[in-house]
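Grab a pencil and work through the exercises below. Each one gives a task, then a solution in steps.

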Amino acid sequence: MRGLRQGDPLSPYLFTLIMEVLSLLIKQKIQNCSKFKYHWRCEKIKLTHLCFADDLIIFSHGDLKYVKVIKSALEEFSRISGLKPSMEKSLIFFGNVPDPIKASILDIMPFSIGTLPIKYLGVPLISSRLSKQHCIPLIDKVNMRLQNWKNKTLFFVGRLQLIKSVISSLQVYWSSVFILPKFVYYEIEKLMRGFLWSHGDSQRGKAKMKWKDVCSLKEQGGLGIKSLKLWNVALMSKHIWNIVSKKDSLWVKWVNSYRLIDRRAKERNFWDIPVMNDVCWGWKKILLNRDLVRDHIVTRIGNGKDTSVWFDGWSFLGPLCQFISNRDIYEAGISLSCKIAIKRSRS
């Protein structure tokens, strides 16, 4: 009856339960609207919204009829829970929407008009190349943390431990979302080097060994600091593993529905997707990293529904597509979508 105090660890769980009610209301309203039109990149997986704590993104086709369906769900949720959208913090984004329809939508959803790119969950929400301007907040965050520590008297071991436990972790979230540009590695490692070999705020130290050797394992004579570039590639490789292993996640389902489909609406193998110039920058980086992890993924043959004859590593020789070209496969009259299964004899 007294409620929860500010900062109570139970609060996020209660809020998540309440937002689940909003999700059900939106789905119910859409189901009642027989001809609801989804966003053009969300229709195949019936995606209407994304929630993370108190952050909410709703997708819809740019038409007044469908926006009214979303509006009715929000109004009913407000009557039930007492929670209302914050008008000062809410934004609406239009893409190729005529001005008269845009004005009609703003009459019922009086949000401020936003422009892309924006910052969402701490990272820039972009589809183009990650530029230097986008990464400045990450570099400033590292620099601010180091400046606070320089005012304290720390021995070499203490500075090393802070770099390994704190500074190396600040970029993990960004590295798991983007392939960071080279200048980001250079700037952050430059700050780390200056802090590691310094003798306080006013005295600058001299490096005792190459930074490449510093990032080596202790067994190899290094100090065990993770290389930011290698750590970034390792984190992005996890996305490749999620796609190949067909992890049950919303992002993998979206990739299978839109990225692994060719122009003829036929399913293609992830290892056979060409790197096109017209795809978004993030997806292109994932495709370019395939060769780094391909030899480390081995496929176990099962019922034949998921194992590709040509592209999966089920053979001890490796993927057969490395030895047989697509032209030879077509000339032999065999499909690229062939699967392989184990035939079990009945005794």
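**Exercise 1. Find the buried face of helix α10, and say what it packs against.**

Start with the burial list: in helix α10, residues 250-258, the buried positions are V252, W254, V255, S257 and Y258. Keep in mind that this is a predicted model.

Next, think about spacing. An α-helix has 3.6 residues a turn, so residues three or four places apart point the same way.

Now look for the partners. The buried residues of α10 pack against α9 and α11, the latter spanning 281-288.

Finally, zoom in on one of the buried positions, S257 of helix α10. Its relative accessibility is 17%, and the cut-off for buried is under 20%, so S257 counts as buried. Leaving out residues up to four places away in sequence, S257 touches K44 and I45.

**Exercise 2. Decide how helices α7 and α9 are oriented to each other, and sort the residues where they meet.**

Step one is geometry. Helix α7 (residues 182-196) and helix α9 (residues 228-244) pack at an angle of about 130°, and their axes are 10 Å apart.

Step two is the label. Roughly antiparallel needs an angle over 145 degrees, and roughly perpendicular runs from 65 to 115. The angle fits neither class, and α7 and α9 are therefore oblique to each other.

Step three is the contact itself. On the α7 side you'll find Y185, I188, E189 and M192, and α9 brings in L228, K229 and N232. Sorted by character, the residues of this α7 and α9 contact come out as four nonpolar, one polar and two charged.

One more thing to pick up here: N232 also turns up in the contacts of S175. S175 lies in helix α6, residues 172-175, and is buried, with a relative accessible area of 0%. Setting aside residues up to four places away in sequence, S175 touches L180, N232, L235 and M236.

**Exercise 3. Describe the hairpin of β1 and β2, then place F59 relative to it.**

Begin with the pairing. Strand β1 (residues 49-52) and strand β2 (residues 55-58) run antiparallel and are joined by four bridges. To get the register, note that H49 stands opposite I58 in β2.

Then check the turn. Two residues sit between the strands, and A53 takes a positive phi near 55°.

Now for F59, which is found in the loop between β2 and α2. With a relative accessible area of 22%, F59 is partly exposed. Skip its neighbours within four places in sequence, and F59 is in contact with H39, C42, L47, T48, H49 and L50. F59 and Y38 are 21 residues apart along the chain, and their C-alpha atoms are separated by 7.3 Å.

**Exercise 4. Work out which rings cluster with F36, and how each pair is arranged.**

First, the tally: the model has seven aromatic pairs. Take F36 and Y38 from that set. Their ring centres are 5.3 Å apart and the planes meet at 85°, so this pair is edge-to-face. Both F36 and Y38 are buried.

Second, try F36 with Y66. This pair is also edge-to-face, at 5.6 Å centre to centre with 80° between the planes. F36 lies in the loop between α1 (11-32) and β1, while Y66 is in helix α2 (residues 64-81), so the pair ties together parts that are 30 residues apart in sequence. Y66 is buried, just as F36 is.

Put the pairs together and you have a cluster of F36, Y38 and Y66, linked by ring pairs.

**Exercise 5. Is L116 buried or exposed? Find its position and its distance from F94, too.**

Locate it first: L116 lies in the loop between β4 (112-113) and β5 (118-120).

Then apply the cut-off. Exposed means over 50% relative accessible area, and at 61% L116 counts as exposed.

Last comes the distance. L116 and F94 are 22 residues apart in sequence, and their C-alpha atoms are 9.8 Å apart in space.

Note on methods: Residues are numbered from 1 along each chain as its sequence is written. This is a predicted model: local features need pLDDT of at least 70, side-chain atom pairs count only at pLDDT 80 or more; totals for chains, interfaces and linings use all residues. Side-chain values use heavy atoms; hydrogens and water are left out. Axes are lines fitted to C-alpha atoms, for helices over the stretch in contact, and angles run from 0 to 180 degrees between N-to-C directions. Angles under 35 degrees count as roughly parallel, over 145 as roughly antiparallel, 65 to 115 as roughly perpendicular and the rest as oblique. Contact means heavy atoms within 4.5 Å. Ala, Val, Leu, Ile, Met, Phe, Trp, Tyr, Cys and Pro count as nonpolar, Asp, Glu, Lys and Arg as charged, and the others, Gly among them, as polar. Two strands pair if DSSP finds at least two bridges between them. Rings of Phe, Tyr and Trp (its six-membered ring) pair if their centres lie within 6.5 Å; planes under 30 degrees apart count as stacked, over 60 as edge-to-face and the rest as tilted. Buried means under 20% relative accessible area, exposed over 50%, partly exposed in between (1.4 Å probe, protein chains only).
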